[in-house]
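Student: Got a minute to go through this structure with me? I'd like to start with packing and then move around.

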Amino acid sequence: MREQAELDSVDWHILEELQNDATLPNRALAEIVGLAPSSCLQRVRRLRDLGVITGCHAVVDPATTGLPLEAVISVNVRPHTRAVVAGFRAFVMAQPETRSIFHVSGQADFLIHIAVAGSTHLQAFLMDKIASRTEVRNLTSSVVLERVETRALTPPATLRPTHRRRKA
């Protein structure tokens with residue numbers, strides 16, 4: 001587990017802006033957050049080096065690509081060992097339908113978010129790919145009725161820094 005990075009109010013402002021639009025040119029980002037372009041670039045590089053920014057990606061609407069049906073599948077596996085968990089996770093992530101997978105505590109061991117072409121595709125995914133695995137003990141699926149995009153990660157007001165970090 002990585003150490004928690006020390007972030008100041010400007011770092012959080014940079015993160016909020018980049019989470020909302022990772023294609024912002026450095027000059028525009030610097031202007032928005034009130035820094036010189038060179039200082040802004042240094043901060044973004046520092047955030048990458050610290051592992052705070054782990055990547056940038058395009059958000060694709062599955063419906064416009066022919067995959068309008070999304071579902072969340074709850075899965076229990078047995079035995080619940082590191083080897084079984086790792087193997088199942090690798091298998092699920094290799095499936096083109098998989099959008100994300102969460103290894104969780106609670107009733108289910110895994111929550112899997114998928115996008116498929118329709119109910120027949122969903123049924124085939126559940127029966128032929130998931131239920132047929134020997135480690136799968138049970139599963140339930142829930143069709144997504146509405147997906148609200150993930151919003152930018154921001155600290156709660158009580159944890160939000162109000163100061164700028166002093167240079168070391």
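**Packing, sheet and a buried loop residue**

Tutor: Sure. This is a predicted model. Start at Ile73: leaving out residues up to four places away in sequence, Ile73 touches Phe110, Leu111, Ile112, Ile114, Phe125, Leu126, Leu139, Thr140 and Ser141.

Student: Which residues touch the most other members of the largest nonpolar core?

Tutor: That core has 19 residues. Those touching the most other members are Ile73, Val75, Phe88, Phe110, Ile112, Ile114 and Leu122.

Student: And which elements give two or more residues to this core?

Tutor: β1 (69-77), α4 (82-93), β3 and α5 (119-130). β1 gives the most, with five residues.

Student: What else is there, core-wise?

Tutor: A second, separate core of 16 residues. Among them are Leu24, Ala30, Val33 and Leu47. As background, nonpolar side chains in soluble globular proteins tend to be buried together.

Student: Switching to the sheet. What's the strand order?

Tutor: β2-β3-β1-β4, four strands in an open sheet with antiparallel pairing.

Student: Why do β2 and β4 each have one side without a neighbour in the sheet?

Tutor: β2 and β4 (136-143) stand at the edges and have a single partner strand each, so one side of each lacks a neighbour in the sheet. From one strand to the next, the twist averages 20 degrees.

Student: How many bridges between β1 and β3?

Tutor: Seven, in the antiparallel sense. Leu69 stands opposite Val116 in β3.

Student: Which strands does α4 lie across?

Tutor: β1, β2, β3 and β4. α4 runs at about 165 degrees to β2. α5 also packs on the sheet and touches β1, β2, β3 and β4. The direction of α5 makes about 20 degrees with that of β1.

Student: New topic, Asp109. Where is it?

Tutor: In the loop between β2 (98-103) and β3 (110-116).

Student: Buried or exposed?

Tutor: Asp109 is buried: its relative accessibility is 5%, and the cut-off for buried is under 20%.

Student: What is Asp109 in contact with?

Tutor: Beyond neighbours within four places in sequence, Val75, Asn76, Val77, Arg78, His80, Phe102, His103 and Val104. Val75 also showed up among the core residues touching the most other members.

Student: Last one. What does UniProt list for residues 7-68?

Tutor: An unreviewed UniProt entry gives "domain: HTH asnC-type" for them. In this model the span is 53% helix and 0% strand. Its end C-alpha atoms lie 39 Å apart.

Key:
Residues are numbered from 1 along each chain as its sequence is written. This is a predicted model: local features need pLDDT of at least 70, side-chain atom pairs count only at pLDDT 80 or more; totals for chains, interfaces and linings use all residues. Side-chain values use heavy atoms; hydrogens and water are left out. Buried means under 20% relative accessible area, exposed over 50%, partly exposed in between (1.4 Å probe, protein chains only). Contact means heavy atoms within 4.5 Å. A nonpolar core is a set of buried Ala, Val, Leu, Ile, Met, Phe, Trp, Tyr and Cys residues joined through side-chain atoms within 4.5 Å. UniProt positions are given in the numbering used here, feature names are shortened, and annotations may be inferred rather than shown by experiment. Two strands pair if DSSP finds at least two bridges between them. Axes are lines fitted to C-alpha atoms, for helices over the stretch in contact, and angles run from 0 to 180 degrees between N-to-C directions.
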